[in-house]
Amino acid sequence: MARIKNIELPNEKHVCIGLTAIYGIGRSLALTICNDAKVEPTKKIKDLSDDEISKLRKEIDKYEVEGDLRRETQMSIKNKMEINCYQGVRHKKGLPVRGQRTSRNARTRKGKGKVVANKKKVGK
């Protein structure tokens with residue numbers, strides 16, 4: 001099993017797909033890494049030699065991934081919350097940050113629906 005950046009890569013997948021298990025690496029960056037490291041992207045991870053794995057490690061070290069990227073993302077969110085910019089306020093309130101409407105959707109950010117008590121209608 002190949003281990004890069006403390007992530008176990010899935011053995012049965014192609015290299016270009018398996019690299020996406022690392023936070024911060026998508027499909028296009030994975031293909032770029034494979035091409036720069038001169039590793040066949042359609043090769044299975046279990047078939048990689050130690051030399052190829054070390055080439056991939058060296059190539060991935062050029063990019064900011066995993067812990068460093070997560071830390072940087074959290075720090076930028078925290079900074080926005082401290083300076084009270086619009087996005088920071090939305091983060092604090094637990095609402096969608098990027099302009100989505102909230103009147104009917106946004107359950108991912110807002111959580112489970114809250115029950116509102118019925119108002120009694122005054123009869124004449």
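Here are four short exercises on helix packing and local contacts in this structure, which is a predicted model.

**Exercise 1.** Work out how helices H2 and H3 are oriented to each other, and which residues form their contact.

*Solution.* Start with the axes: those of H2 (residues 27-37) and H3 (residues 50-60) come within 9 Å and cross at roughly 120 degrees. Next, recall that angles of 65 to 115 degrees count as roughly perpendicular. The two helices are therefore oblique to each other. As for handedness, the crossing of H2 and H3 is right-handed. Now look at the side of each helix: H2 brings Ile33, Asp36 and Ala37, which meet Lys55, Leu56, Glu59 and Ile60 of H3. Sorted by class, this contact has 4 nonpolar and 3 charged residues, with no polar ones.

**Exercise 2.** Do the same for helices H4 and H5, and sort the contact residues by class.

*Solution.* Here the axes of H4 (residues 66-82) and H5 (residues 86-93) come within 7 Å, crossing at roughly 100 degrees. That angle makes H4 and H5 roughly perpendicular, because the range for this class is 65 to 115 degrees. On the H4 side you will find Ile77, Lys80 and Met81, and on the H5 side Gln87, Gly88, His91 and Lys92. By class, the contact of H4 with H5 comes to 2 nonpolar, 3 polar and 2 charged residues.

**Exercise 3.** Find the contacts of Ile7 beyond its neighbours within four places in sequence.

*Solution.* First place the residue: Ile7 belongs to strand S2 (residues 7-8). With those sequence neighbours set aside, Ile7 is in contact with Ala2, Ala21, Ile22 and Glu66. Then try Tyr23: Ile7 and Tyr23 are 16 residues apart in sequence, and their C-alpha atoms are 9.3 Å apart in space.

**Exercise 4.** How many aromatic pairs does the structure hold, and what lies over the face of Tyr23?

*Solution.* Searching the whole structure gives 0 aromatic pairs. Turning to the ring of Tyr23, you will find Arg70 over its face, at 4.1 Å from the ring centre.

Note on methods:
Residues numbered from 1 in each chain as written. Predicted model: local features only at pLDDT ≥ 70, side-chain atom pairs only at ≥ 80, totals over all residues. Heavy atoms only, no water. Phe/Tyr/Trp six-rings, centres within 6.5 Å; stacked < 30°, edge-to-face > 60°. Lys NZ or Arg CZ within 6 Å of the ring centre and 35° of its normal. Axes fitted to C-alpha atoms, helices over the stretch in contact; angles between N-to-C directions. Helix = DSSP H or I, 4+ residues; strand = E, 2+ residues; numbered from the N terminus. Parallel < 35°, antiparallel > 145°, perpendicular 65-115°, else oblique. Left-handed = near helix turned anticlockwise from the far one by under 90°. Contact = heavy atoms within 4.5 Å. Nonpolar A, V, L, I, M, F, W, Y, C, P; charged D, E, K, R; others polar.
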